[in-house]
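Me: Hi! I am new to reading protein structures. Could you walk me through this one?

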Amino acid sequence: MAEKKFYTWEWVDEQIDKIGEKLEAYDKPQFITGVPRGGLVPAVLMSHKFDIPFIGLEAAKTLPGDLKKQVLVVDDIADSGDTLAQIKRHNFITATLARRDSSSFSPTLVGSDIGDEHWLVFPWEEKTSKAIQDYLVK
């Protein structure tokens, strides 16, 4: 089992600020959404901070093509990259608080790059969370 690394709310706020600085190079997105489960909390935080309306991910997928390009999809981490690679086919802007160096997908906007293999535990997660999670019902 991978060793855990615990992140704080202060770290999350720093990553959101970094993403916000990078977001200034783009037209302001019309909507923001999050990947269930890990992306929902940071997406709501960014929605408030950047004054961008929140929309559910499934609703965002049904938007017309031009509007999809104006949706910011947030996740906590690009770990393997598989989840965001599937999301990217909708032409959304993507952002993660963290990106693992080994990720096969590089989000549009990233807070920090992670070079180690620790299991990251974010402040909204249980400290006893398992180091392997797949909670989405397929």
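Reply: Happy to! Let us begin with pairing: two strands pair if DSSP finds at least two bridges between them. Keep in mind that this is a predicted model. Here, strand E3 (residues 71–78) and E4 pair in the parallel sense, over six bridges.

Me: Which residue of E4 is the bridge partner of Asp75?

Reply: The partner of Asp75 is Thr96, which belongs to E4.

Me: How are side chains arranged along a strand like that?

Reply: In a regular strand, side chains alternate between the two faces of the sheet.

Me: How many residues of strand E4 are buried?

Reply: A residue counts as buried when its relative accessible area is under 20%. Strand E4 spans residues 93–100, and eight of its eight residues are buried. For the protein chain, 45% of the 138 residues count as buried.

Me: What pattern does the protein chain follow along the sequence?

Reply: Reading along the sequence, you meet β-α-β-α-α-α-β-α-β-β-β. The radius of gyration of the protein chain is 14 Å, close to the 14 Å from the globule rule for 138 residues, so the chain is as compact as a globular protein of that length. Its C-alpha atoms fill a box of roughly 45 × 35 × 25 Å along the principal axes.

Me: And what about charges: how many positive and negative side chains does the protein chain have?

Reply: Lys and Arg count as positive, Asp and Glu as negative. The protein chain has 17 positive and 22 negative side chains, and the centres of these two sets lie 5 Å apart.

Definitions and conventions
Residues numbered from 1 in each chain as written. Predicted model: local features only at pLDDT ≥ 70, side-chain atom pairs only at ≥ 80, totals over all residues. Heavy atoms only, no water. Helix = DSSP H or I, 4+ residues; strand = E, 2+ residues; numbered from the N terminus. Rg over C-alpha atoms; globule rule 2.2 N^0.38 Å. Buried < 20%, exposed > 50% of the residue type's maximum accessible area, 1.4 Å probe, protein only. Charge placed at Lys NZ, Arg CZ, Asp CG, Glu CD.
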